[in-house]
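Visitor: I have never looked at this structure before. Could you walk me through it, one feature at a time?

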Amino acid sequence: MAINLQKGQKISLSKESGGALSKIVMGVGWDAKKSSVGLLKGMFGGGSSSAIDLDASCVLFDEQNAVVDTVYFGQLKSRDGSIVHTGDNRTGDGDGDDEQILVDLDKIPANIKSLVFTVSSYTGQTFDTVENAYCRIVDNNDKNEVARYTLSSQGSHTAQIMAKLYRHNGEWKMHAIGENGTGRTIADLLPKIIVHL
């Protein structure tokens, strides 16, 4: 059974999954917030909400907290091939994960200490326009959800540093960071990300 994480909580992925994980999926989902005006339009045949284009990204850091690589909509695969982004969702429509980042933990180079996952609004829409946002870790072998973190914070921010996967004593752990940020891209968020390493 998946664990629902609270902001700041840290867990061992192997303990929560009941064994060593080799391949995981970081899934991110969200919906456009339905406004009262949108609901009235929906009742009379118009659209009920506007599209929200959030972008999930992953930054790979080494022991010195230097950026080694980045996976995002503009580079869908890490240079070493261990991390693959499945593609950009520009609306948030539909059920389930809107974007997924596949991580082969066994193939991550030994010099990589941590993976930081973020979500940002490339178009500049704030999280006031977003609802039902979450990130989750899924065991890619059996498709069981291991952990979920609800991104419940609405506000004027345009990005969030969601979570970090990091090596500790030979195993992978997850830290639910949940820090709001401002920016459209990873480059905008890097100063705030580094504080949490």
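Guide: Here is a short tour, from the overall picture down to single residues.

Visitor: Where should I start: what is the protein built from?

Guide: Start with the fact that this is a predicted model. A good opening move is to count the helices and strands. Here you get three helices and 12 strands. The protein has 197 residues, and 46% of them count as buried.

Visitor: What share of the contacts joins residues at least 24 apart, once we look at pairs at least 6 apart in sequence?

Guide: That share is 67%. As for the outside, the accessible surface comes to about 9300 Å², with 48% of it belonging to carbon and sulfur atoms.

Visitor: Since it's predicted, where is confidence lowest and where is it highest?

Guide: Check the overall score, then look for dips. The mean pLDDT is 84, and 85% of the residues reach 70 or more. Helix 2 (residues 36-43) has the lowest confidence, with a mean of 41, while strand 6 (residues 83-85) has the highest, at 97. Over residues 36-49 the pLDDT stays below 50, and that stretch has 12 contacts in the model beyond near neighbours in sequence.

Visitor: How should I treat places like that?

Guide: Where pLDDT is low, don't read the predicted coordinates in detail.

Visitor: Fair enough. Which residues of the largest nonpolar core touch the most other members?

Guide: To read a core, look for the residues with many partners inside it. This one has 39 residues, and Leu13, Val103, Leu115, Phe117, Leu165 and Met174 touch the most other members. Next, ask which elements feed it. Strand 3 (23-32), strand 4 (54-62), strand 7 (99-104), strand 8 (112-121), strand 9, strand 10, strand 11 and strand 12 each supply at least two residues. Strand 3 gives the largest share of this core, five residues. Another core, of nine residues, lies apart from it, with Val59, Phe61, Val116 and Ile177 among them.

Visitor: Can we zoom in on one core member? What is Leu165 in contact with?

Guide: Leave out its neighbours within four places in sequence, and Leu165 is in contact with Leu13, Ile24, Lys113, Ser114, Leu115, Phe117, Ile137, Trp172, Lys173 and Met174.

Visitor: Now something between chain segments. Which residues does Gln100 contact, beyond its neighbours within four places in sequence?

Guide: Gln100 sits in strand 7. Its contacts of that kind are Val25, Met26, Gly27, Val84, His85 and Thr86. His85 is 15 residues away along the chain, yet the C-alpha atoms of the two are separated by 6.1 Å. Gln100 counts as partly exposed, because its relative accessibility is 26%.

Visitor: Let's turn to charges. How many salt bridges does the structure hold?

Guide: There are six. For each one, look at the distance, then at where the partners sit. Take Asp69 and Arg79: their closest N and O atoms are 3.2 Å apart. Asp69 lies in strand 5 and Arg79 in the loop between strand 5 and strand 6, so the pair ties together parts 10 residues apart in sequence.

Visitor: Are those two partners buried or exposed?

Guide: One of each. Asp69 counts as buried at 5% relative accessibility, whereas Arg79 counts as exposed at 63%.

Visitor: Which residues are linked in a network of salt bridges?

Guide: Asp97, Arg136, Glu145 and Arg148 are. Follow Glu145, which forms a salt bridge with Arg136 at 3.0 Å between the closest N and O atoms, and one with Arg148 at 2.9 Å. Glu145 is partly exposed, with a relative accessible area of 21%, and Arg148 counts as partly exposed at 23%.

Visitor: What about the surface: which residues form a nonpolar patch there?

Guide: Tyr72, Phe73, Leu76 and Tyr122 do, with about 320 Å² of accessible area together. Phe73 is found in the loop between strand 5 (67-71) and strand 6. At 33% relative accessibility, Phe73 counts as partly exposed.

Visitor: Last one, backbone angles. Where does Lys143 lie, the residue with a phi near 65°?

Guide: Look for a positive phi in a residue other than glycine, as Lys143 has. Lys143 lies in the loop between strand 9 (130-139) and strand 10 (145-150), and is exposed, with a relative accessible area of 54%. Asn169 has a positive phi too, near 50°. Asn169 is in the loop between strand 11 (159-168) and strand 12 (171-181), and is exposed at 70%.

Conventions:
Residues numbered from 1 in each chain as written. Predicted model: local features only at pLDDT ≥ 70, side-chain atom pairs only at ≥ 80, totals over all residues. Heavy atoms only, no water. Helix = DSSP H or I, 4+ residues; strand = E, 2+ residues; numbered from the N terminus. Buried < 20%, exposed > 50% of the residue type's maximum accessible area, 1.4 Å probe, protein only. Contact = heavy atoms within 4.5 Å. Areas by Shrake-Rupley, 256 points an atom, 1.4 Å probe, with all protein chains shown as cover. pLDDT = per-residue confidence, 0-100. Patch = residues over 30% accessible without salt bridge, like charges linked within 9 Å, V, L, I, M, F, W, Y side chains within 5 Å. Salt bridge = Lys/Arg side-chain N within 4 Å of Asp/Glu carboxyl O. Core = buried A, V, L, I, M, F, W, Y, C linked by side-chain atoms within 4.5 Å.
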